[in-house]
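Here is a short tour of one protein chain, written for someone who likes to see how the pieces pack. Have the structure open and follow along.

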Amino acid sequence: MRTFSFRLISVLAIAALCMLTACRQRGSRAPEAALFDAPAEVAETAPAPFVPVFSAAAIPPEVEERMRGKSYPEGATIALSELCYLRLSYVDFDGEPQTGEMVCNAAIADDLLEIFQALYEAKYPICSILLVDDFGGSDDESMKADNTSCFNYRTVPLSKSLSRHAFGMAVDVNPLENPYINRSGIVMPAEGEPYVDRSRDFPHKITRDDLCCRLFLEHGFTWGGSWSDRKDYQHFEKR
Ligand SMILES: [Zn+2]
(Lines give C-alpha, C1' and ligand atoms only; values in the text may rest on other atoms or scores of the structure.)
Protein backbone atom coordinates (compact mmCIF):
# COMPACT_ATOMS: atom_id res chain seq x y z
CA MET A 1 0.00 0.00 0.00
CA ARG A 2 2.78 2.37 0.94
CA THR A 3 4.61 1.52 -2.32
CA PHE A 4 1.39 2.13 -4.28
CA SER A 5 0.89 5.55 -2.63
CA PHE A 6 4.49 6.45 -3.25
CA ARG A 7 4.14 5.51 -6.95
CA LEU A 8 0.89 7.47 -7.24
CA ILE A 9 2.49 10.53 -5.68
CA SER A 10 5.52 10.16 -7.96
CA VAL A 11 3.30 9.90 -11.07
CA LEU A 12 1.25 12.93 -10.01
CA ALA A 13 4.40 14.91 -9.24
CA ILE A 14 5.93 14.09 -12.64
CA ALA A 15 2.63 14.98 -14.39
CA ALA A 16 2.47 18.31 -12.55
CA LEU A 17 6.10 19.05 -13.45
CA CYS A 18 5.43 18.29 -17.11
CA MET A 19 2.38 20.59 -17.16
CA LEU A 20 4.37 23.38 -15.49
CA THR A 21 7.23 23.00 -17.99
CA ALA A 22 4.75 23.00 -20.91
CA CYS A 23 3.12 26.19 -19.58
CA ARG A 24 6.48 27.89 -19.18
CA GLN A 25 7.56 26.92 -22.68
CA ARG A 26 4.28 28.12 -24.13
CA GLY A 27 4.67 31.35 -22.21
CA SER A 28 8.21 31.99 -23.38
CA ARG A 29 7.39 31.05 -26.96
CA ALA A 30 4.27 33.17 -27.17
CA PRO A 31 5.60 35.77 -29.68
CA GLU A 32 6.88 33.04 -31.99
CA ALA A 33 3.57 31.13 -31.69
CA ALA A 34 1.63 34.34 -32.43
CA LEU A 35 3.72 34.92 -35.55
CA PHE A 36 3.20 31.34 -36.66
CA ASP A 37 -0.56 31.56 -36.09
CA ALA A 38 -0.91 34.91 -37.92
CA PRO A 39 -2.85 34.81 -41.22
CA ALA A 40 -0.52 34.21 -44.17
CA GLU A 41 -1.19 37.61 -45.81
CA VAL A 42 -0.31 39.50 -42.59
CA ALA A 43 2.91 37.55 -42.00
CA GLU A 44 4.05 38.01 -45.61
CA THR A 45 3.20 41.73 -45.97
CA ALA A 46 6.40 43.69 -46.67
CA PRO A 47 6.95 46.85 -44.59
CA ALA A 48 5.27 49.85 -46.23
CA PRO A 49 7.75 51.95 -48.26
CA PHE A 50 8.81 55.19 -46.57
CA VAL A 51 6.85 58.19 -47.84
CA PRO A 52 8.72 61.46 -47.22
CA VAL A 53 6.65 64.39 -45.93
CA PHE A 54 7.30 68.12 -46.29
CA SER A 55 4.21 69.93 -45.02
CA ALA A 56 3.33 73.19 -43.27
CA ALA A 57 0.16 73.90 -41.29
CA ALA A 58 -1.21 76.16 -38.58
CA ILE A 59 -0.19 75.02 -35.08
CA PRO A 60 -2.54 72.09 -34.31
CA PRO A 61 -4.28 72.21 -30.88
CA GLU A 62 -2.35 69.18 -29.59
CA VAL A 63 0.97 70.81 -30.57
CA GLU A 64 -0.08 74.06 -28.89
CA GLU A 65 -0.78 72.01 -25.77
CA ARG A 66 2.78 70.61 -25.88
CA MET A 67 4.30 74.05 -26.45
CA ARG A 68 2.50 75.99 -23.72
CA GLY A 69 4.70 76.62 -20.69
CA LYS A 70 7.74 75.26 -22.56
CA SER A 71 8.80 76.74 -25.92
CA TYR A 72 5.75 79.03 -25.72
CA PRO A 73 5.77 80.46 -22.20
CA GLU A 74 3.23 82.75 -20.57
CA GLY A 75 3.75 86.32 -21.83
CA ALA A 76 5.36 85.39 -25.16
CA THR A 77 5.01 88.39 -27.47
CA ILE A 78 4.59 86.38 -30.67
CA ALA A 79 1.13 85.08 -31.58
CA LEU A 80 0.73 81.39 -32.31
CA SER A 81 -0.99 82.43 -35.55
CA GLU A 82 2.39 83.80 -36.73
CA LEU A 83 3.94 80.35 -36.35
CA CYS A 84 3.77 77.26 -38.53
CA TYR A 85 3.95 73.55 -37.75
CA LEU A 86 6.20 71.69 -40.19
CA ARG A 87 6.61 67.98 -40.76
CA LEU A 88 10.01 67.33 -42.33
CA SER A 89 11.53 64.07 -43.48
CA TYR A 90 15.27 63.62 -43.10
CA VAL A 91 17.93 60.93 -43.24
CA ASP A 92 19.34 60.14 -39.80
CA PHE A 93 22.96 59.33 -38.82
CA ASP A 94 22.27 55.62 -39.53
CA GLY A 95 21.13 56.46 -43.06
CA GLU A 96 17.49 55.71 -42.17
CA PRO A 97 14.67 57.98 -43.38
CA GLN A 98 12.66 59.60 -40.57
CA THR A 99 10.00 62.28 -40.31
CA GLY A 100 10.41 64.98 -37.70
CA GLU A 101 8.52 68.08 -36.62
CA MET A 102 9.47 71.72 -36.33
CA VAL A 103 7.78 74.99 -35.39
CA CYS A 104 8.92 78.09 -37.29
CA ASN A 105 7.74 81.58 -38.23
CA ALA A 106 5.22 81.40 -41.10
CA ALA A 107 7.50 83.83 -43.00
CA ILE A 108 10.22 81.18 -43.44
CA ALA A 109 8.03 78.06 -43.74
CA ASP A 110 8.46 77.79 -47.52
CA ASP A 111 12.24 78.31 -47.22
CA LEU A 112 12.51 75.51 -44.68
CA LEU A 113 10.33 73.12 -46.72
CA GLU A 114 12.61 73.64 -49.73
CA ILE A 115 15.86 73.44 -47.75
CA PHE A 116 14.93 70.28 -45.83
CA GLN A 117 13.55 68.59 -48.95
CA ALA A 118 16.85 69.27 -50.74
CA LEU A 119 18.78 67.92 -47.71
CA TYR A 120 16.59 64.80 -47.66
CA GLU A 121 17.11 64.19 -51.37
CA ALA A 122 20.88 64.56 -50.92
CA LYS A 123 20.72 62.15 -47.94
CA TYR A 124 22.31 64.86 -45.77
CA PRO A 125 22.59 63.28 -42.28
CA ILE A 126 20.62 64.93 -39.49
CA CYS A 127 20.60 63.44 -35.99
CA SER A 128 16.95 64.29 -35.18
CA ILE A 129 14.30 66.95 -35.77
CA LEU A 130 12.15 67.16 -32.64
CA LEU A 131 10.36 70.04 -30.96
CA VAL A 132 12.33 71.52 -28.04
CA ASP A 133 9.19 70.80 -26.03
CA ASP A 134 10.27 67.13 -26.13
CA PHE A 135 13.23 68.37 -24.04
CA GLY A 136 11.04 70.34 -21.63
CA GLY A 137 11.73 73.48 -23.71
CA SER A 138 15.41 73.32 -22.66
CA ASP A 139 17.71 74.52 -25.44
CA ASP A 140 20.65 73.00 -23.59
CA GLU A 141 19.08 69.53 -23.43
CA SER A 142 18.02 69.75 -27.08
CA MET A 143 21.57 70.76 -28.15
CA LYS A 144 23.13 68.06 -25.99
CA ALA A 145 20.95 65.50 -27.78
CA ASP A 146 22.20 66.91 -31.13
CA ASN A 147 18.63 67.86 -32.02
CA THR A 148 17.84 70.18 -34.94
CA SER A 149 15.16 72.74 -34.04
CA CYS A 150 13.82 76.22 -34.68
CA PHE A 151 11.24 77.97 -32.49
CA ASN A 152 11.91 78.49 -28.79
CA TYR A 153 10.77 81.64 -27.01
CA ARG A 154 14.04 82.33 -25.23
CA THR A 155 16.82 84.87 -24.88
CA VAL A 156 20.29 84.77 -26.45
CA PRO A 157 22.49 82.66 -24.09
CA LEU A 158 23.91 84.77 -21.22
CA SER A 159 21.96 87.84 -22.36
CA LYS A 160 18.59 89.50 -21.84
CA SER A 161 17.77 90.10 -25.50
CA LEU A 162 15.42 87.74 -27.32
CA SER A 163 17.00 85.25 -29.67
CA ARG A 164 15.87 84.97 -33.32
CA HIS A 165 14.62 81.54 -32.20
CA ALA A 166 11.99 83.39 -30.11
CA PHE A 167 10.47 84.56 -33.39
CA GLY A 168 10.89 81.22 -35.13
CA MET A 169 13.35 82.89 -37.51
CA ALA A 170 16.44 80.77 -36.72
CA VAL A 171 17.30 77.09 -37.11
CA ASP A 172 20.02 75.14 -35.29
CA VAL A 173 21.33 72.12 -37.22
CA ASN A 174 23.22 69.19 -35.62
CA PRO A 175 24.22 71.42 -32.66
CA LEU A 176 26.51 68.98 -30.86
CA GLU A 177 29.09 68.87 -33.67
CA ASN A 178 28.43 72.54 -34.44
CA PRO A 179 28.51 74.31 -31.07
CA TYR A 180 28.06 77.94 -30.11
CA ILE A 181 31.23 79.61 -28.81
CA ASN A 182 30.79 83.04 -27.21
CA ARG A 183 33.26 85.90 -26.78
CA SER A 184 34.61 84.49 -23.51
CA GLY A 185 35.13 81.08 -25.06
CA ILE A 186 32.13 79.43 -23.36
CA VAL A 187 30.98 76.45 -25.43
CA MET A 188 27.29 75.50 -25.75
CA PRO A 189 26.44 72.73 -25.41
CA ALA A 190 29.43 72.03 -23.15
CA GLU A 191 29.47 68.51 -24.67
CA GLY A 192 30.39 70.20 -27.99
CA GLU A 193 33.89 71.03 -26.69
CA PRO A 194 35.58 68.30 -28.82
CA TYR A 195 34.18 70.04 -31.94
CA VAL A 196 35.45 73.55 -31.20
CA ASP A 197 38.63 73.05 -33.25
CA ARG A 198 37.24 73.52 -36.77
CA SER A 199 40.55 72.70 -38.46
CA ARG A 200 39.87 69.11 -37.46
CA ASP A 201 37.94 66.82 -39.79
CA PHE A 202 34.94 64.99 -38.33
CA PRO A 203 31.48 63.88 -39.49
CA HIS A 204 28.54 66.33 -39.47
CA LYS A 205 30.78 69.42 -39.34
CA ILE A 206 29.06 72.42 -40.96
CA THR A 207 31.42 74.50 -43.08
CA ARG A 208 30.85 77.34 -45.54
CA ASP A 209 30.89 74.85 -48.44
CA ASP A 210 28.63 72.35 -46.75
CA LEU A 211 25.34 71.68 -48.60
CA CYS A 212 23.25 72.71 -45.58
CA CYS A 213 25.09 76.02 -45.30
CA ARG A 214 24.87 76.70 -49.05
CA LEU A 215 21.10 76.06 -49.08
CA PHE A 216 20.42 78.37 -46.14
CA LEU A 217 22.58 81.13 -47.67
CA GLU A 218 20.78 80.73 -51.02
CA HIS A 219 17.49 81.31 -49.18
CA GLY A 220 18.75 84.58 -47.65
CA PHE A 221 19.76 83.30 -44.19
CA THR A 222 22.98 84.26 -42.43
CA TRP A 223 25.22 81.63 -40.85
CA GLY A 224 26.47 81.97 -37.27
CA GLY A 225 29.73 80.30 -38.30
CA SER A 226 30.70 83.41 -40.24
CA TRP A 227 30.23 85.87 -37.35
CA SER A 228 33.46 87.51 -36.22
CA ASP A 229 32.72 88.33 -32.54
CA ARG A 230 31.40 84.85 -31.69
CA LYS A 231 30.79 81.59 -33.53
CA ASP A 232 27.51 79.71 -33.77
CA TYR A 233 28.21 76.93 -36.26
CA GLN A 234 24.78 75.30 -35.86
CA HIS A 235 22.82 78.54 -36.39
CA PHE A 236 21.07 79.95 -39.49
CA GLU A 237 18.80 82.97 -39.17
CA LYS A 238 16.75 85.27 -41.37
CA ARG A 239 15.95 88.93 -40.66
ZN1 LIG B 1 20.58 79.13 -32.92
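Helices of at least four residues and strands of at least two are taken from DSSP runs and numbered from the N terminus. Counted that way, the protein chain has seven helices and 11 strands. Please keep in mind that this is a predicted model.

Two overall figures set the scene. Of the 239 residues in the protein chain, 32% are buried. Among contacts between residues at least 6 apart in sequence, 58% link residues at least 24 apart.

**The three-stranded sheet**

Let us begin with an open sheet of three strands, ordered β1-β2-β3 and paired antiparallel. Both β1 (54-57) and β3 (97-105) are edge strands with a single partner each, so one side of each has no neighbour in the sheet. On average, neighbouring strands here are turned by 20° against each other, direction ignored.

Strand β2 covers residues 83-91 and is joined to β3 by nine bridges, the two running antiparallel. Four bridges connect β1 with β2, and this pair also runs antiparallel. How many of the nine residues of β2 are buried? Seven of them are, which leaves the strand mostly covered.

Some of the facing residues are handy landmarks when you step through the sheet:

| Residue | Residue opposite | Strand of the residue opposite |
|---|---|---|
| A56 | L86 | β2 |
| L88 | G100 | β3 |
| Y90 | Q98 | β3 |

Between β2 and β3 the chain forms a hairpin with five residues between the strands, and there G95 adopts a positive phi near 80°.

**A proline beside the sheet**

P52 sits in the loop between α3 (40-44) and β1. Is this residue buried, exposed or partly exposed? P52 has 16 C-beta neighbours inside 10 Å, and it therefore counts as partly exposed; being buried would take 20 or more, while exposed residues have 12 or fewer. Setting aside neighbours within four places in sequence, P52 is in contact with S89, P97 and Y120. In addition, the C-alpha atoms of P52 and T99 are 7.1 Å from each other, although these residues are 47 residues apart along the chain.

**Helix α5 and its partner**

Helix α5, made of residues 109-121, lies across β1, β2 and β3 and runs at about 5° to β2. Another element to look for is helix α7 (residues 211-218), whose axis comes within 10 Å of that of α5, with a crossing of roughly 155°. The two helices are therefore roughly antiparallel to each other, since angles over 145 degrees fall in that class. The crossing of α5 and α7 is right-handed.

Which residues make this contact? On the α5 side they are I115, A118 and L119, and on the α7 side L211, C212, L215 and F216. What kinds of residue meet in the contact of α5 with α7? The division is seven nonpolar, no polar and no charged.

**Putting it together**

To retrace the path, start at β2, with its nine bridges to β3 and four to β1. Then move to α5, which lies across β1, β2 and β3, and finish at α7, where the axes of the two helices come within 10 Å.

Notes:
Residues numbered from 1 in each chain as written. Predicted model: local features only at pLDDT ≥ 70, side-chain atom pairs only at ≥ 80, totals over all residues. Pairing = 2+ DSSP bridges. Axes fitted to C-alpha atoms, helices over the stretch in contact; angles between N-to-C directions. Contact = placed C-beta atoms within 7 Å. Parallel < 35°, antiparallel > 145°, perpendicular 65-115°, else oblique. Left-handed = near helix turned anticlockwise from the far one by under 90°. Nonpolar A, V, L, I, M, F, W, Y, C, P; charged D, E, K, R; others polar.
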